[in-house]
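Colleague: I have some questions about how you label things in this model. Can you take me through them?

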Amino acid sequence: MRLEIRDWRLEIGDSIANLQSLIANLQKETMHPQADIGLIGLAVMGQNLVLNMDDHGFTVAVYNRTVEKVDQFLANEAKGTKVIGAHSLEELVSHLKRPRRVMLMVKAGAPVDATIAQLAPLLEPGDIIIDGGNSHYPDSTRRAQELAAQGLLFIGTGVSGGEEGARFGPSIMPGGHPDAWPHVKPIFQGIAAKVADGSPCCDWVGEEGAGHFVKMVHNGIEYGDMQLIGEAYDLMRTALGLSNDEMSAVFTDWNKGELDSYLIEITADILAYKDEHGRALVDLILDAAGQKGTGKWTAVTALDTGVPLTLIAEAVFARALSALKEERVAAAKVLGSPIPPFTGDKAAFIEDLRQALFAAKIISYTQGYMLMRAATIEFGWQLAYGNIALMWRGGCIIRAAFLDDIKAAFDANPDLINLLLAPFFQAKVQAAEKAWRRVVSTAVSLGIPVPALSSALAFYDGYRRERLPANLLQAQRDYFGAHTYERTDQPRGQFFHTNWTGQGGDVTASSYNA
């Protein structure tokens, strides 16, 4: 192409920036878009996803608000790749094939909205904006609706697996506008983790905020799993007096059986790790857990939808309790008492603990699936429960061997309302029940807290009880607040009120909430 440059005069005092802008404009006029996807946000997760895409033959254009980071990335981590750097959003968009696909890997919340506000005017109807951060699902639902009104397609996708997963194969959970899926499917399934049969750990989840909802549930289950493992570790260390190396060997052995999972595997590695002085590093780490909010979101959503997510909520509260380190140190001086010695068979107790951990782990996934089932009712999403289990088999933090069994349970009964009612999980929990009770009772007798193990057992006992004491609770509510109640000798849906004192009258509360 021949360019005619007219009336361009550069004064001696023109800045280098003006000259660079002139060159960039010339390049923009002559370039042919060649990038398959653009990515904004070059923190570790963003960089690793870009390199993963490049490995799989996709050309990526990148931009970062601090533009120096673009040049640093191209000169270092992305050196020798096909990655294209951009120093403005306009330049990024100019590099993209149509329909343009732009993935945001920026901090959740206001930064996502601010980036979308700057990016959207540069796009055309049918272009796609993808939020790959840890956004709250109501925000993704709102963004999908707002962008649809502008003719733009939105995807909110969970990406799990941490830095290593992003680089070599994460679990990806996309949801949003279904018309966008065919345009990103080859990229997402190309870079996603693969299981033994070659299946990608990525599939379409559902509309609006469904992708980030499923990622939120994933993280809630992760909270539960980690707390359960922590309680097992505490019992072996505090009650049995096992060394870190001995516990590492136990977790390594557990990972060879039905507890086979990523979190069990890394726990064995952590317990065996020594610092540069030969000391067990885990013993030097302060016992005050952090959290980024996704577990809390899961618990709050459960409260909003009336789902008894007891184990996951206890896991969130356990982290909050651990954060009260100084208070706990002071309380230990006043309220503390020595842990009595364990007098039983250590090997038998370790086996009991394995079974209890597996049963409680089933409860963690069960409660997560209960919350997803509530979402299909609350939001009208058609979540493919079995396929979600397949997406979690690789790449993500909660990957575990028994996810295949979850898929099989929903294949056998697509209308399954609770995993505990599937024959496989029913049998597993029933087989572990006695061991589970022995572990919880031992922990209680020794004064070692096991909030996740015990709340999981309480949930199991409550779920399988035909009659609970809520009848008395309803009587109390009706007594002091005229909230009404249903009767066992009358059809469901009919509500009654009693004038318990003879002075309350017949007026009832305007709404009934169980």
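Colleague: What covers the buried residues of α17?

Modeller: This is a predicted model. The cover includes α15 (346-379), α16 (385-391) and α18 (423-446).

Colleague: Which residues of α17 are called buried?

Modeller: Leu403, Ile406, Lys407, Ala409 and Phe410, in the helix spanning residues 403-412. Buried means under 20% relative accessible area, so each of these five falls under that cut-off.

Colleague: What makes them line one face of the helix?

Modeller: Look down the axis of α17. The buried residues fall within an arc of 155 degrees, so they line one face.

Colleague: Now the sheet. Why do β3 and β8 stand at the edges?

Modeller: The sheet is open, with eight strands in the order β3-β2-β1-β4-β5-β6-β7-β8 and mixed pairing. β3 (84-85) and β8 (206-207) each have a single partner strand, so one side of each lacks a neighbour in the sheet.

Colleague: How do you know that β5 and β6 pair?

Modeller: Pairing takes at least two bridges. Strands β5 (residues 128-131) and β6 (residues 153-160) have four, in the parallel sense, so they count as a pair. Ile129 has Phe154 of β6 as its bridge partner. Helix α6 (residues 137-149) packs on the sheet and touches both β5 and β6. The direction of α6 makes about 155 degrees with that of β6.

Colleague: Which residues have the most contacts inside the largest nonpolar core?

Modeller: Trp254, Trp392 and Trp436, in a core of 88 residues. α15 gives the largest share, 17 residues. A second, separate core has 32 residues, including Val50 and Ile128.

Terms used
Residues are numbered from 1 along each chain as its sequence is written. This is a predicted model: local features need pLDDT of at least 70, side-chain atom pairs count only at pLDDT 80 or more; totals for chains, interfaces and linings use all residues. Side-chain values use heavy atoms; hydrogens and water are left out. Buried means under 20% relative accessible area, exposed over 50%, partly exposed in between (1.4 Å probe, protein chains only). Helices (H or I, at least four residues) and strands (E, at least two) are DSSP runs, numbered from the N terminus. The arc is that of the directions from the helix axis to the C-beta atoms. Contact means heavy atoms within 4.5 Å. Axes are lines fitted to C-alpha atoms, for helices over the stretch in contact, and angles run from 0 to 180 degrees between N-to-C directions. A nonpolar core is a set of buried Ala, Val, Leu, Ile, Met, Phe, Trp, Tyr and Cys residues joined through side-chain atoms within 4.5 Å.
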